[in-house]
Amino acid sequence: MTIFKKIIDREIPADIVYEDEQCLAFRDINPQAPTHVLIIPKREIPSLADATASDVPLLGHLLFVARELAVQLQLGGGFRTIINAGPDGGQSVDHLHVHLLGGRTLTWPPG
Ligand code: AMP
């Protein structure tokens, strides 16, 4: 079981900013920007690489929740969404998650 599943099950605490029947969003414990939120599906999909065609509505929902949270968290100056996948993609928790970052000017390219 991943640490994110434990957050979903309320076995460990998190600073939850949004929840609905499909997903949960909480603040990253090691923020890389003034606002850094993770949006995760309640269903355990290890990585974007494991998503299937049946996950298309869920994937769209996660992105739309990121958009809604950007408004709620006052990221009117812009924001970035990131999905790391697999070892080369920098994924460290094997439960699909969308990073929402904002509150400062973000540089490009990433490392
Ligand atoms: P990734 O490297 O894309 O897999 O992102 C995993 C993210 O989860 C990292 O940014 C971590 O800081 C974050 N993280 C790990 N454990 C926790 C936790 N218990 N609560 C909140 N964020 C966490």
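Of the 111 residues in this protein, 39% count as buried. The model is a predicted one, so every value below is best read in that light. The accessible surface comes to about 6500 Å², and 54% of that area belongs to carbon and sulfur atoms.

## Overall layout

Let us start with the fold as a list of elements. The protein has 2 helices and 5 strands, and from the N terminus on they run α-β-β-β-α-β-β. The radius of gyration is 13 Å, close to the 13 Å that the globule rule gives for 111 residues, so the protein is as compact as a globular protein of that length. Along its principal axes, the C-alpha trace spans about 35 × 30 × 25 Å.

How do the contacts relate to the sequence? Among contacts between residues at least 6 apart in sequence, 53% join residues at least 24 apart. As for charge, the protein carries 9 positive and 13 negative charges, and the mean positions of the two groups are 5 Å apart.

## The helix α2 and its cover

A good place to look next is α2, which covers residues 56-72. This helix has 17 residues and reaches 24 Å from its first C-alpha to its last, close to the 24 Å expected at 1.5 Å a residue.

Which residues of α2 are buried? They are L58, H61, L62, V65, A66, L69 and A70. What covers them includes strands from both sides of the helix in sequence: β1, β2 (23-27) and β3 (35-41), along with β4 and β5. Just after α2 comes Q74, with a positive phi of about 60°.

## Three loop residues side by side

Three residues in loops make handy landmarks as you turn the model. The table gives the place of each and its relative accessibility.

| Residue | Loop | Relative accessibility |
|---|---|---|
| R10 | between α1 (3-8) and β1 (16-19) | 46%, partly exposed |
| Q74 | between α2 (56-72) and β4 (79-82) | 70%, exposed |
| N84 | between β4 and β5 | 22%, partly exposed |

R10 has a positive phi of about 60° although it is not a glycine. Q74 also has a phi near 60°, again a positive value in a residue other than glycine. The exposure classes follow from simple cut-offs: a residue is exposed over 50% and buried under 20%, with partly exposed in between. At 70%, Q74 therefore counts as exposed, while R10 at 46% counts as partly exposed. N84, at 22%, is partly exposed too.

## Around N84

Which residues does N84 touch, leaving aside its neighbours within four places in sequence? N84 is in contact with G89, G90, Q91 and H99. One of these, H99, falls within β5, which runs over 98-102. For a sense of distance across the model, take N84 and I8: they are 76 residues apart along the chain, and their C-alpha atoms are separated by 20 Å.

## A cis bond after the last strand

One more feature is worth finding towards the end of the chain. The peptide bond from W108 to P109 is cis, with omega near 5°. P109 itself is found in the segment after β5 (98-102).

Key. Residues numbered from 1 in each chain as written. Predicted model: local features only at pLDDT ≥ 70, side-chain atom pairs only at ≥ 80, totals over all residues. Heavy atoms only, no water. Helix = DSSP H or I, 4+ residues; strand = E, 2+ residues; numbered from the N terminus. Rg over C-alpha atoms; globule rule 2.2 N^0.38 Å. Buried < 20%, exposed > 50% of the residue type's maximum accessible area, 1.4 Å probe, protein only. Contact = heavy atoms within 4.5 Å. Areas by Shrake-Rupley, 256 points an atom, 1.4 Å probe, with all protein chains shown as cover. Lys, Arg positive; Asp, Glu negative; His and termini not counted. Charge placed at Lys NZ, Arg CZ, Asp CG, Glu CD. Expected span 1.5 Å × (residues − 1).
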